[in-house]
Amino acid sequence: MDVLSDVVSAARTGRPHSGRVTKSAPFAERFPPVPAAGFHIVLQGTCWLLPSQGEPIVLGPGDVAFLPRGSAHGLADDPSTPASEPPTTLTGVHGDRNDETSAERPPTVVMLCGAYLLDGSGPHPLLNDLPDVIHLPTRVGRHRELRAAIELLGVELDNDARPGSDTILLTLLDLLLLYILRAWFEQQRVSGHSATGWAAALHDPAVATALRAIHEDPSRQWTVEELGAQARLSRAAFARRFTHLVGQPPLTYLTWWRMTTAARLLRTSDAPVNTIAQQVGYSSQYTFTHAFKRQYGSPPGSYRHHVG
């Protein structure tokens, strides 16, 4: 599995929440912070995203606003419109939400809004690298896969009574998340803003090769020399490059990813703890339990009981 897909799979919990939202001016809606990654996609019309910090952002047809950490924000027909509506949580969006519309008050904007539930106990540094708000404006010829996914979502929402619609919508929402993240990292690379961090790491041939090796086989007893050989660099050169871009040494990241993988298995499977320990590279359950408790603050059994 490639690194981005693996990170998203480890972070996601449950089903995404989404729905079509239709608003008529004047409106100003507030969204409190949530333990999820929120999104707003404008299908028709325009509106303003009001971040908790920073300047308002105008959103037009096809624009995507993604909030990786579910930070508080607002949506309004105009930044000066006072917020009179009660707060709405993105994790509670289901189906269509429509304002009263009439000939006198036609729809100002039609959006797809929703959230992906995330495991907040150990967020991946790739996700921590993201800003509070990602704005991907629609541009001809840019992010074609993302635009295609948005168009398919719009079509499916227009005909959501057809057979298979529920599964298709969930699949498209999963694709949407990956396309948003891919578009952002690609945008950072093209703009030259990714000298360090995960945007740079994912596009650096040597570091990306080592990351793929770790993610494909986290149970292997990797050494820095072996990972450097995968990256076709000397041990010292590889260690410096990896640490500079990823923010932690190779074996520190390996241990962290093993524990993250173990946490996912504890949440999503009934496998015994000793089996999970072996799957992530520990022959001793005692050693695994100690490492897991150091990262998550509780032993594996307690963690499973708490999140189950």
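Here are a few notes on this predicted model.

1. Ground rules. Local features need pLDDT of at least 70, side-chain atom pairs count only at pLDDT 80 or more, and totals for chains, interfaces and linings use all residues. Numbering runs from 1 along each chain as its sequence is written, and side-chain values use heavy atoms, with hydrogens and water left out.

2. The annotated domain. UniProt, in an unreviewed entry, lists residues 208–306 as "domain: HTH araC/xylS-type"; such annotations may be inferred rather than shown by experiment. That stretch is 75% helix and 0% strand (DSSP runs, numbered from the N terminus: helices are H or I, at least four residues; strands are E, at least two). Its end C-alpha atoms sit 34 Å apart.

3. Helix α9. The 19 residues of α9 (250–268) should span 27 Å at 1.5 Å a residue, and the end C-alpha atoms are indeed 27 Å apart. The expected span is 1.5 Å times one less than the number of residues. In α9, 14 of the 19 residues are buried (under 20% relative accessible area; exposed is over 50%, partly exposed in between, with a 1.4 Å probe and protein chains only).

4. Strand β9. Residues 109–117 form β9, with 8 of its 9 residues buried. β9 pairs antiparallel with β1 (residues 17–23) over 7 bridges, H17 being partnered with A115. Pairing takes at least two DSSP bridges between the strands. β3 (residues 36–45) is also antiparallel to β9, joined by 9 bridges, including A37 to Y116.

5. Cysteines. How many disulfides does the whole structure have? The search finds 0, a disulfide being a pair of cysteine sulfur atoms within 2.5 Å. The sulfur of C113 is 7.9 Å from that of C47, its closest cysteine sulfur, so too far for a bond. C47 is buried at 1% relative accessible area, and C113 counts as buried at 1% too.
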